[in-house]
Amino acid sequence: MAFNWLKKGLSKTRKLLSTDISELFAGNRKIDDELLEELEELLITSDIGVQTTMDLIQSISKKSSEISDADQLKKVLKEKILALLSAEKPVPQKIMTTPHVIMVIGVNGVGKTTTIGKLAAKAVASGEKVIIAAADTFRAAAIEQLVIWAQRAGVEIVKHKEMSDPAAVAYDGVEAAIARGADIVLVDTAGRIHTKKNLMEELKKIKRAISKKLPEAPHEILLVLDATTGQNALSQAKLFKDALDVTGIALAKLDGTAKGGIVVSICSMLEIPLKYIGVGEKIEDLQKFDSVQFVDALF
Ligand code: GDP
Ligand code: MG
């Protein structure tokens with residue numbers, strides 16, 4: 001069920017990587033330089049990244065005598081891509097202290113608020129008590145949007161007025177969670193602020209406020225990236241990683257793009273685990289990232 005969902009969400013990338021690769025072999029073509037060039041173009045279009053594409057093409061070219069049709073080629077690609085995705089080091093699972101505070105960051109419009117709504121619903125479904133803190137105080141509409149997600153997920157929200165201090169909201173969110181015995185606090189943040197202030201400094205301030213209330217928190221700093229922005233997402237990740245201790249990535253909007261190869265780029269270029277993927281706008285459209293399932297859904 002969840003797998004079909006994933007397949008559906010990845011349909012645009014699957015078309016590029018699977019259907020289009022099948023078409024490369026139309027008319028009984030063999031693997032030659034021309035075909036490899038076309039394949040290279042497909043891989044680059046999917047946003048796997050130039051270096052990774054070169055590496056893949058090279059290993060396929062070495063094996064070209066063993067590959068005579070599309071299925072064989074896909075099998076080789078699938079193995080190679082899976083190896084890249086699995087190269088990611090497993091992160092030791094921290095002992096879950098409560099409340100577990102997750103600070104969600106990322107530039108404007110990437111899908112932070114939506115991802116928080118989805119995460120809240122997931123946690124509720126597994127019996128956890130969730131509090132959301134509306135620390136994106138930049139616009140009243142942002143707070144309203146989060147209120148709607150909190151209602152959908154059936155969780156409590158801590159909010160202040162528009163333009164109030166985001167760090168104070170985060171602090172109050174953690175305080176409320178402690179007082180009410182919540183298991184998880186999800187802190188929403190702004191992706192842009194008034195030009196006079198610096199976004200990274202503001203985020204660091206929120207982080208400090210959280211730690212002031214609960215010294216070991218935030219337990220997770222989840223960076224949300226937008227899959228449709230392709231390689232741009234990688235540059236964003238580097239910026240945020242330099243400023244804050246990002247502990248995980250949630251990649252949103254994978255359903256809206258044929259550039260799902262960005263998953264491979266993220267896993268091979270960044271030292272931050274990809275934890276969640278968003279494959280739609282609805283509350284159930286968030287999945288834990290699983291590399292085996294991912295390549296199975298693609299090929
Ligand atoms: P924020 O500014 O980072 O908080 O971004 P929002 O959560 O407000 O999301 C921006 C837009 O992206 C909204 O229209 C969401 O519905 C949309 N969005 C978020 N996640 C996904 C996803 O996984 N798939 C699709 N198709 N749209 C998404
Ligand atoms: Mg938002």
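These questions and answers walk through a predicted model, from its sheet to its ligand and loops.

Q: In what order do the 8 strands of the open sheet lie?
A: The model is predicted. Its sheet is open and its pairing is mixed. The twist averages 25 degrees from one strand to the next. The order is E3-E2-E4-E1-E5-E6-E7-E8.

Q: Which are the edge strands?
A: An edge strand here pairs on one side only. One end of the order is E3, and the other end is E8. The edge strands are therefore E3 (156–158) and E8 (286–288), since each is listed as pairing on one side only under the bridge rule.

Q: Over how many bridges do strands E5 and E6 pair?
A: Strand E5 covers residues 220–226, and strand E6 covers residues 248–252. Val224 has Ala250 of E6 as its bridge partner. The two strands run in the parallel sense, and the count is 5 bridges.

Q: In E7, which residue is the bridge partner of Ala250?
A: E6 and E7 run parallel and are joined by 3 bridges. Ala250 also partners Val224. In E7, the partner of Ala250 is Tyr276.

Q: How many of the 5 residues of strand E7 are buried?
A: Strand E7 spans residues 274–278. Buried means under 20% relative accessible area. The strand is mostly covered, and the number buried is 4.

Q: At about what angle does helix H7 run to E2?
A: Helix H7 takes in residues 140–153. It lies across E2 (130–135), E3 and E4 (184–189). Its angle to E2 is about 170 degrees.

Q: Which strands does helix H10 lie across?
A: Helix H10 is made of residues 231–243. It runs at about 155 degrees to E5. The strands it lies across are E1 (100–105) and E5.

Q: How many residues surround ligand 1?
A: The closest are Gly109, Lys112, Thr114, Asp255 and Glu281. Polar side-chain atoms of Thr113 and Thr114 each lie by an oxygen atom of the ligand, at 2.8 Å for Thr113 and 2.6 Å for Thr114. The total surrounding ligand 1 is 17 residues.

Q: What share of the area of ligand 1 does the protein bury?
A: An N or O atom in the side chain of Glu281 is 2.6 Å from an oxygen atom of ligand 1. Taken alone, the ligand exposes 580 Å². The protein buries 79% of that.

Q: Why does Thr115 count as buried?
A: Thr115 lies in helix H6. Leaving aside neighbours within four places in sequence, it is in contact with Val224, Ala250, Ala252 and Leu286. The cut-off for buried is under 20%. Thr115 counts as buried because its relative accessible area is 2%.

Q: Is Val124 buried, partly exposed or exposed?
A: Val124 is found in helix H6 (residues 112–125). Not counting residues up to four places away in sequence, it touches Val130, Ala153 and Val155. Buried needs under 20% and exposed needs over 50%. Val124 has 34% relative accessibility, so it is partly exposed.

Q: How far apart in space are Ser65 and Lys30, C-alpha to C-alpha?
A: Ser65 lies in the loop between helix H4 (50–62) and helix H5 (70–86). It is exposed, with a relative accessible area of 69%. Ser65 and Lys30 are 35 residues apart in sequence, and their distance in space is 9.3 Å.

Q: Which peptide bond is cis, with omega near -5 degrees?
A: Pro218 sits in the loop between helix H9 (199–213) and E5. The cis bond leads into this proline. It is the bond from Ala217 to Pro218.

Q: What is the phi of Asn28?
A: Asn28 is in the loop between helix H2 (11–24) and helix H3 (33–45). It is exposed, with a relative accessible area of 74%. Its phi is positive although the residue is not glycine. The value is near 55 degrees.

Q: Where is Lys253 placed?
A: Lys253 has a positive phi of about 65 degrees, although it is not a glycine. It is partly exposed, with a relative accessible area of 32%. Its place is the loop between E6 and helix H11 (262–269).

How values were computed
Residues are numbered from 1 along each chain as its sequence is written. Chains are lettered from A and ligands numbered from 1 in the order in which they are written. This is a predicted model: local features need pLDDT of at least 70, side-chain atom pairs count only at pLDDT 80 or more; totals for chains, interfaces and linings use all residues. Side-chain values use heavy atoms; hydrogens and water are left out. Axes are lines fitted to C-alpha atoms, for helices over the stretch in contact, and angles run from 0 to 180 degrees between N-to-C directions. Contact means heavy atoms within 4.5 Å. A residue is near a molecule or strand if one of its heavy atoms lies within 4 Å of it. A polar contact is a pair of N or O atoms within 3.5 Å; within protein, one must be able to donate a hydrogen and the other to accept it, and residues adjacent in sequence count only if both atoms are side-chain atoms. Accessible areas come from the Shrake-Rupley method with a 1.4 Å probe; for residues, only the protein chains shown count as cover. Buried means under 20% relative accessible area, exposed over 50%, partly exposed in between (1.4 Å probe, protein chains only).
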